[in-house]
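Good morning, and thank you for joining this meeting. I shall present one structure, turning to its salt bridges, a pocket and a single serine.

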Amino acid sequence: MTRRVAVTGMGIVSALGIGLPENRARALAGQSGIRPVTLFSAGRYRARQAGEVESLPLPPWRRFRAERLDRGTHLLYHASFEALAQSGPAAGGWGAVPPMVVIGTSIGGMISGERYHERILRDGSGPGDAWMLFDYLPHSQVLHLMAELDIAGAPVVFADACASGANAIGHAFRSIRSGERDLALAGGYDPLSEFVFAGFNSLQALSPGLCRPFDRDRDGLVLGEGAAVMVLEERGRALARGARILGEIAGYGESCDAFHMTRPDPEGRGAMDAMRMALADAGVNAAAVGYVNAHGTGTPFNDAMEAKAIRAVFGAHADRVPVSSTKPMTGHVLGGAGAVEAVLTMSALREGRIPPNLNFETPDPACPVRIAAVGEDRPGMEFALSNSFGFGGTNATLILRAASGEDE
Amino acid sequence: MTGISVRGIGVLTPCAQGREAFSRTLAEGLRVAAPGDFSIPEGELDRHLSGAGRFRRAASATRYALAAAAMAVADAGISPGEVAGDRTGLIVSVTHGALGYTTQFHEGLLKEGPQGASPLFFSESVLNAPAGNVSIALGIRGPVHTILGEEAAGIQAIELAAALLRSFAVDRCFVVGTEERGEIVGRVYGELERSSGLDAAFPPGEGSACLLLVRDDPAADGGKGALLFPEVGSMGRSSGSGAEEDLARVIGGALARAGLAVKDVAHVVLPTGHHRGLARRVLDRYLGAAPRRIDLGALVGNARGAAGVLQTAASACALSFAEGAGLALCTGIEGTAAAVAVRPAMRG
């Protein structure tokens, strides 16, 4: 019998707020968290706003000096501890087999790296500066989290650009469904750094105005930061311990464009492959999908490609299924985007309401899908699909399933 | 458990390039001409890099990966076209990746402002740039991932590839470990090591190794080649056991997966990173003095994210001159441990 993979905890930090209740409420109400950048001086850039997490508190780390850790590590801490508190799997300790920890990131502790590099260019450096490197390497944040949680074992850290978080959840999902593991902490994170802001600026990919995915006048993305983590658990195990099941991960598909390092294949073949694979993996038809959470960056190339791929996969159902991108509200969280969007998509399923695709005003004939420009009540949705596509041509699609009545 | 078979090997190291030269170097125990200089020799890269012009501006870590992958395809005796498509996967392991381009991009930003920040340096500095470029070069449209970590990341990559093969998600999977060195790399790790108080690893090395893996199918390859059985764990991070006990468990796990007894192990490829003293103690206690020790770090330095794949390639190559099975062991500065049991595929 196929093992099912339940979501028993979710944690999220984004520009919409710290914690699931605030993120859920604001996303479903269509409120934007985009604001002028304060983490560094953005005055010299054409784009000057992003989805910053406002007033991020320093977590109460037990094992580390909080002020020496990277902002990314703090983001990951908040999301992970919230998810675990909701799930409660460690009430009696982790047991003989620790949970699998699978996390995606694209830049890890880059802010710490920037500070170190700036210091050595300016002043040279001595051993006293080594602490700046303590949290630079992009797998360090996960190791610090595991140490704080007393979780033994080796983490799996994916760096698949903007598909990192979705691939982390997908990998954990597969590992549980196959019977290799029973419990996993999976998600993704990325902080906002000037390095990345300048990078996307150099590629002319940042919008100086609003992020407006699928709109005819879209002109680029708006960066964000954040983290989201899910506690994934074999469903029978979760039910046996009386855990509340929030929903399920039902399918996962992955592919690669093999086309270009920073541009998607305009034909969308890789995106189609990922979506078709995920639907087949979940054993559902496209017509059963009640909502598509698009990658929807707001760049001309991505959105046209993604819309074409959705149309090809969903056929006539593409005229009916609502599609929205939540990036105009959160900004593009890069390595954390897939996880942030999985949590928001699960929230949409649970609440029976679709978050709007903000700033969508003028339809684009090159994007032939039904964009949910305003939030929609859609009670009774069973399945939703979430896309994540990244640099290097990497594509990931998750199929999420609502909890059944008996699970609640 | 289904064995995972090595169909092709590509190796680009400071001491030898290509499977044959690498095997010969391991067998003869040759040292590099200038010990301590663990850089890829000038001119060697382009000789092994097909379509070099197309990727001439890519970062060194990417170019090394491209060269190793091309060598693995050639070693497997197949054409590049045969690996294109969605039934092929690619898993790349790195620690810091293109740190040279990363620092050049940042230096341009600091000194000249946004106009000094090169889009090339940015796009080629992302951690999955080696994976993206190898997938483009070979037309790989199946699962493509980059795994981050220290020396054990390469064995984690092998483990992920094995899972994809066993689940029939792919028919073949490339595993590439790649890393580049430079002044900033030495400086960063030097400071990290001084502050950690750990025993020193070998000096930073660079290069790449690639394994082309398939499900074990004696009918397809005549039962030749190497079978891999990876095991990944950690050392000293659980409250119930010590680092030595944990490392012994990882070694035992790999051997058990391979169906091997301690007496079957004829060679061990030693870690190139930290905790080498610990690893030697555990190996002496667990395997005794008999297995031949291959100290790869003395030949190639510590190529961090590339180390696990490089060590596994070394063990697979060693099957040609050391009777019996082998073991590659990785220990990372962060306390991750991984082992791969490598045994000949020859039946009967």
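Let me begin where two chains meet: the side chains of A:Asp273 and B:Arg141 form a salt bridge, with 3.1 Å from N to O. By salt bridge I mean a side-chain nitrogen of Lys or Arg within 4 Å of a carboxyl oxygen of Asp or Glu. A:Asp273 belongs to helix H8 (residues 269-282) of chain A, while B:Arg141 sits in the loop between helix H6 (129-138) and strand S3 (144-148) of chain B, so the pair joins two chains. Helices (H or I, at least four residues) and strands (E, at least two) are DSSP runs, numbered from the N terminus.

Some remarks on conventions. This is a predicted model, in which local features need pLDDT of at least 70 and side-chain atom pairs count only at pLDDT 80 or more, whereas totals for chains, interfaces and linings use all residues. Residues are numbered from 1 along each chain as its sequence is written, chains are lettered from A and ligands numbered from 1 in the order in which they are written, and side-chain values use heavy atoms, leaving out hydrogens and water.

How many salt bridges are there over all chains? The count is 42. One of them pairs A:Arg218 with A:Asp364, at 2.6 Å from N to O. A:Arg218 lies in the loop between helix H6 (194-202) and strand S8 (226-234) of chain A, and A:Asp364 in the loop between strand S12 (353-354) and strand S13 (370-371) of chain A, so this salt bridge ties together parts 146 residues apart in sequence. Both A:Arg218 and A:Asp364 are buried, where buried means under 20% relative accessible area, exposed over 50%, and partly exposed in between (1.4 Å probe, protein chains only).

A further salt bridge links A:Glu341 to A:Lys327, with the closest N and O atoms 2.9 Å apart. Here A:Glu341 is in helix H11 (residues 337-351) of chain A and A:Lys327 in helix H10 (residues 327-330) of chain A, 14 residues apart. A:Glu341 and A:Lys327 are both buried. There is also a network of salt bridges, which links A:Arg62, A:Arg63, A:Glu148 and A:Asp150.

I close with A:Ser112, found in helix H3 (residues 110-123) of chain A. Is A:Ser112 buried or exposed? A:Ser112 is buried, its relative accessible area being 5%. Apart from neighbours within four places in sequence, A:Ser112 is in contact (heavy atoms within 4.5 Å) with A:Asp70, A:Met132, A:Asp135 and A:Tyr136.
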